[in-house]
Amino acid sequence: MSQKASAVKRAQRSEVQPHQLGQEVFKTILSEDIVWKPFPAFPPSVRLAVVVGQPSEPGPYTIRVKVPHGVKLMPHKHPEDRVYTVISGVFYIGLGDELDASKLEAYPPGAVIILPGNTPHFHWAKSSEYITQVTAIGPLGLEYLRAKDDPRKQQLVGGV
């Protein structure tokens, strides 16, 4: 091996990137290992599972969202760019400030949707339950366009 090639190999070994939290070792996550929990910013029947990372912290994360048939997530936006992958069911998403069924687009399992940050949108589990996987750089944010649509605000009003 030449001196130049040897120097390149040494440099590559010394420039190893630091690992993200939860990614220091090889591991697999099977569907049966996913832990579904309620999430205060979602309607009560919707579930969220953290797959990789810490969504509340700066850095990459992957979550899954399970929405039962008929449930609507009213117009909202996220500060972070997001990549959605449809895992199961049909994912209906529309862009805009108002829930308008004519703006919904249906995406089957395997579809990938790129949603730029701060884009107003809405979801509707119109035909069946769906599960999406969301990958983004945290912290995760979710802001409803109207306070009356935010389950976190409804809980406060109901508890007063």
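Strands here are DSSP runs of E, at least two residues each, numbered from the N terminus. With that settled, here is what the predicted model shows, starting with a proline. Pro139 sits in the loop that links strand 10 (130-138) to strand 11. The peptide bond between Gly138 and Pro139 is cis, with omega at about 10 degrees.

A second loop worth a look is the one between strand 8 (112-115) and strand 9 (121-124), where Asn118 is found. Asn118 is not a glycine, yet its phi is positive, at about 60 degrees. As for solvent, Asn118 has a relative accessible area of 47%. Partly exposed covers the range between under 20% (buried) and over 50% (exposed), so Asn118 counts as partly exposed.

Next comes the sheet. Five strands make it up, in the order 7-6-9-4-11, and it is open, with antiparallel pairing. Its edges are strand 7 (105-107) and strand 11 (143-144), each of which pairs on one side only. At one of these edges, strand 7 is joined to strand 6 (residues 91-95) by three bridges, the two running antiparallel. Within this pair, Ile93 is set opposite Glu105 of strand 7.

Further along the order, strand 4 (residues 72-77) and strand 9 also run antiparallel and are joined by three bridges. Leu73 has His123 in strand 9 as its bridge partner. Strand 4 also pairs with strand 11, again in the antiparallel sense, this time over two bridges. Here Lys77 stands opposite Glu143 of strand 11. Strand 11, then, ties two parts of this account together: it is an edge strand of the sheet, and it also bounds the loop that holds Pro139.

That leaves the pockets. The largest pocket holds about 250 Å³ of space. Its lining is made of 16 residues, and the closest to the pocket centre are Lys37, Leu48, Ala49, Val50 and Pro55. Two elements give two or more residues to this lining, namely strand 1 (37-38) and strand 2 (47-52). Strand 2 supplies the largest share, with four residues. By residue class, the lining of the largest pocket splits into 13 nonpolar, one polar and two charged residues.

Methods: Residues are numbered from 1 along each chain as its sequence is written. This is a predicted model: local features need pLDDT of at least 70, side-chain atom pairs count only at pLDDT 80 or more; totals for chains, interfaces and linings use all residues. Side-chain values use heavy atoms; hydrogens and water are left out. Two strands pair if DSSP finds at least two bridges between them. On a 1 Å grid over the protein atoms alone, a cavity is a set of points where a 1.4 Å probe fits but cannot get out, and a pocket is an open set with protein on both sides within 12 Å along at least five of seven lines; lining residues have an atom within 4 Å of a point. Grid points are joined across faces, edges and corners, and a volume is the space filled by probe spheres set on the points. Ala, Val, Leu, Ile, Met, Phe, Trp, Tyr, Cys and Pro count as nonpolar, Asp, Glu, Lys and Arg as charged, and the others, Gly among them, as polar. Buried means under 20% relative accessible area, exposed over 50%, partly exposed in between (1.4 Å probe, protein chains only).
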